[in-house]
Every structure is written in C-alpha cells, then in structure tokens.
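Subject: Structure for you to look at

Hi,

Here is the structure I promised to pass on, with my notes underneath. Have it open while you read, as I go through it pair by pair.

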Amino acid sequence: MQKYLLTIILCVSSIIAQAHPGGTNAAGCHTNKKTGDYHCHQPEKQAASPSGSKTTGTDPLYRQTGLIRADNLLKLDYEGFTVWLDCKKRGAVKFRYNAQHDTGSAKRYDKFFLDPNVPAECQQTTSKAYGHDYDRGHLVPANHLDASASAIKATNTMTNILPQSANMNRGAWLLTEEIIECYRDIDELLVIGGVIWGNNPSDDYFVQSHGVKTPAAFWKIIIRGTGQDERAIAWIVPNSRDATKKNLDRYLVSVDEIERVTGEKIPVADYAKHDKPSQSWLIPRGCNKG
C-alpha cells in the first residue's frame with residue numbers, strides 16, 4: 001500500500017482549465033471579466049440537449065444546475081450535491097454532498113446523459129457505455145439522493161460519471177457507499193471525495209471514444225458528528241480489478257494523508273485528521289442497504 005501511495009503521489013496531475021473570454025457561448029455561459037468567475041445564465045430559448053430532444057428551463061436538471069468557474073475549475077451545483085469539473089481532463093476532480101436520514105424511495109434513472117448546461121469542451125463527448133470491463137461509475141451514488149426524483153436523475157449526468165473498473169465499482173467503492181447508506185440513518189454525514197488521475201496511458205481506453213482518460217484511483221472521506229464527537233474515515237481506492245469488497249480495509253488512510261496527496265483542505269477537526277481506523281466501519285446489523 002505504501003508503494004502504491006507513493007506512485008499515486010508522483011502521478012497526481014496539476015489541475016488546469018482555461019477560461020473562455022467574450023460573450024455567452026452556446027450554453028449561455030461566459031466569464032465575468034471583473035471577477036474572473038465563469039457562470040451560466042438561464043436561456044430564454046430552448047436549448048438542444050445532446051440527444052437532440054429539447055430541454056427547457058422547466059426541466060429539473062436544467063433549472064437546478066449552476067455553474068461557477070473558480071480556481072480554474074467548473075463548480076457544478078446540482079440538487080443535493082456538488083461536482084468540480086476539470087475542463088482539460090473532461091472529468092471531475094472532486095465531489096461533495098450531505099447524506100441525510102433515508103426517507104426516500106425514488107427509482108434510479110435508467111439513462112446516462114450529458115449536461116446541456118456544461119460547455120462541450122469541458123465534458124465527455126458521449127454518454128455511451130465504456131466497455132473494456134469498465135463501468136460508468138458514479139462519484140455521488142444515486143441511492144443516497146433517492147428523496148428527490150430530480151436529484152437522483154442528476155447523478156446520472158456524465159459530469160458525475162467516470163470509468164471505474166467493474167470489480168472496483170461493484171466491490172470496494174460500492175462498500176463505501178453501503179457504509180454511508182447505513183450510517184446516514186445514525187448521523188447526518190458529510191461526504192467528500194475525488195479523483196486521482198495518475199498517468200498510465202496503457203489503460204486510457206476511452207480517450208478516443210469519450211475524450212476522457214482512466215483515473216488511477218478515487219478517494220473518499222466520510223465525516224460524522226460535531227465538536228469533540230467528530231469522527232472521520234478515509235480511503236484511497238485504486239481503480240483496478242483487485243479493489244474488491246474484501247480488500248477495502250487495505251485502502252484505509254488518514255485524512256491528513258489525503259490532504260498531503262491531493263492538496264485539498266478537508267474540514268475536519270485536527271485531532272480527527274491523524275487517525276486511521278484499523279478497519280472500515282462495520283455495516284450495522286439489520287441495515288437496509290437498498
């Protein structure tokens with residue numbers, strides 16, 4: 001694991017995205033020359049969706065998506081979660097959401113789609129399946145936003161999707177989601193995660209088909225409690241077929257290790273940043289993970 005983390009640290013890419021000067025583009029977006037912020041205005045006319053159908057201002061996703069360019073990234077505020085998108089990589093670098101008590105039962109949306117509000121040069125070129133034994137893997141899972149039909153639909157936007165090894169997506173990564181599903185009924189949780197892109201051209205199968213490289217790993221932090229009761233657990237999960245459920249504990253790290261690797265500042269009490277549990281939080285008996 002130490003060897004793997006060293007490789008991750010050496011491979012972490014710098015986050016760069018270029019601002020677009022001038023007036024609004026086809027998506028109704030532009031850069032504020034005074035502040036440097038990139039944002040989008042709701043268009044008065046209908047805009048064509050990637051599928052060719054019309055998307056109007058009353059569409060839940062279209063109405064509830066906000067874009068702001070900050071720190072050379074596109075910050076996408078969807079209903080219930082936020083994703084930070086790197087235009088150069090055409091993929092996300094970070095996500096964040098609150099997992100609250102499970103009161104919903106909205107069904108998962110059955111289609112994946114591009115976001116009509118996001119400039120084409122900043123997102124993947126298609127929503128088609130990846131192939132090569134990689135899933136369209138969610139950063140923010142649909143099941144955690146099942147209290148809202150529009151929020152659960154938004155999780156299928158390709159800005160929230162990246163190539164994930166099928167074993168990893170249905171294994172170690174899924175287990176982190178199941179832990180959140182169970183513990184959100186005990187405490188409200190803050191979930192922060194992101195992508196470690198790395199630099200391994202040998203598995204970049206989707207540059208031509210989707211315009212996106214294959215991430216090397218994904219990281220996730222769950223924070224629960226407040227004050228002296230604040231607790232956190234963190235993982236760096238390699239995007240590989242070896243990342244099965246039974247191997248999740250191998251990927252446990254401390255929060256300050258993630259800060260060191262990614263450069264992120266995580267809103268966790270200092271005393272909680274240094275702890276690394278000996279095992280992942282156990283699934284409580286009787287938990288409904290559905």
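A word on terms before the notes: I call something a salt bridge when a side-chain nitrogen of Lys or Arg is within 4 Å of a carboxyl oxygen of Asp or Glu. E181 and R184 meet that rule, with their closest N and O atoms 3.1 Å apart. Please keep in mind that this is a predicted model.

Salt bridges

By that rule there are 10 salt bridges. E181 and R184 are both buried. R184 also has a salt bridge with D146, where the closest N and O atoms are 3.5 Å apart. D146 sits in the loop between β9 and α3 (149–154), while R184 is in the loop between α5 and β11, so this pair ties together parts that are 38 residues apart in sequence. Like R184, D146 is buried. Add D102 and you have the network: D102, D146, E181 and R184 are linked by salt bridges.

Another one to click on is D135 with R170, whose side chains meet at 2.7 Å, N to O. Which parts does that pair tie together? D135 belongs to strand β9 and R170 to the loop between α4 (166–169) and α5, so the parts joined are 35 residues apart in sequence. The two ends have different surroundings: D135 counts as buried at 12% relative accessibility, whereas R170 is exposed at 55%.

Helix α5

How many of the 12 residues of α5 are buried? The number is 11, so the helix is largely enclosed by the rest of the structure. Among the buried ones are W173, E177, E178, E181 and Y183, so E181 from the network above turns up here again. The length of α5 checks out too: at 1.5 Å a residue, its 12 residues should span 16 Å, and the end C-alpha atoms are 17 Å apart, which agrees.

Aromatic pairs

I count eight aromatic pairs in the structure. Y130 and F206 make one of them: the ring centres are 5.0 Å apart and the planes are at 50°, so the pair is tilted. Y130 is in the loop between β8 (91–99) and β9 (134–138), and F206 is in the loop between β11 (189–196) and α6 (207–210), so the two rings tie together parts that are 76 residues apart in sequence. Both rings belong to buried residues, Y130 with a relative accessible area of 6% and F206 at 1%.

W173 and F218 form a tilted pair as well, at 5.6 Å centre to centre with 50° between the planes. This one links helix α5 (residues 172–183), where W173 lies, to strand β12 (residues 217–224), where F218 lies, so it ties together parts that are 45 residues apart in sequence. W173 is buried, with a relative accessible area of 0%, and F218 is buried with 0% too.

Back at Y130 and F206, there is a cluster to look at: these two form one aromatic cluster with Y134 and Y205.

Charges over rings

K94 lies over the face of W84, at 4.3 Å from the ring centre. The charged end of K153 does likewise with F113, sitting over the ring at 5.8 Å from its centre.

The β6–β7 hairpin

β6 and β7 form a hairpin with two residues between them, and G80 in the turn has a positive phi of about 95°. The strands run antiparallel, with five bridges joining β6 to strand β7 (residues 81–86). If you want a landmark, the bridge partner of L74 in β7 is L85.

K75 is in strand β6 (residues 73–78). Is K75 buried or exposed? At 28% relative accessibility, K75 counts as partly exposed. Leaving out residues up to four places away in sequence, K75 touches G66, L67, I68, T82, V83 and W84, and W84 is the residue whose ring has K94 over its face. The C-alpha atoms of K75 and A92 are separated by 9.5 Å, with their positions 17 residues apart along the chain.

Cheers

Notes
Residues are numbered from 1 along each chain as its sequence is written. This is a predicted model: local features need pLDDT of at least 70, side-chain atom pairs count only at pLDDT 80 or more; totals for chains, interfaces and linings use all residues. Side-chain values use heavy atoms; hydrogens and water are left out. Rings of Phe, Tyr and Trp (its six-membered ring) pair if their centres lie within 6.5 Å; planes under 30 degrees apart count as stacked, over 60 as edge-to-face and the rest as tilted. Helices (H or I, at least four residues) and strands (E, at least two) are DSSP runs, numbered from the N terminus. Buried means under 20% relative accessible area, exposed over 50%, partly exposed in between (1.4 Å probe, protein chains only). A charge sits over a ring if NZ of Lys or CZ of Arg is within 6 Å of the ring centre and within 35 degrees of the ring normal. The expected span of a helix is 1.5 Å times one less than its number of residues. Contact means heavy atoms within 4.5 Å. Two strands pair if DSSP finds at least two bridges between them.
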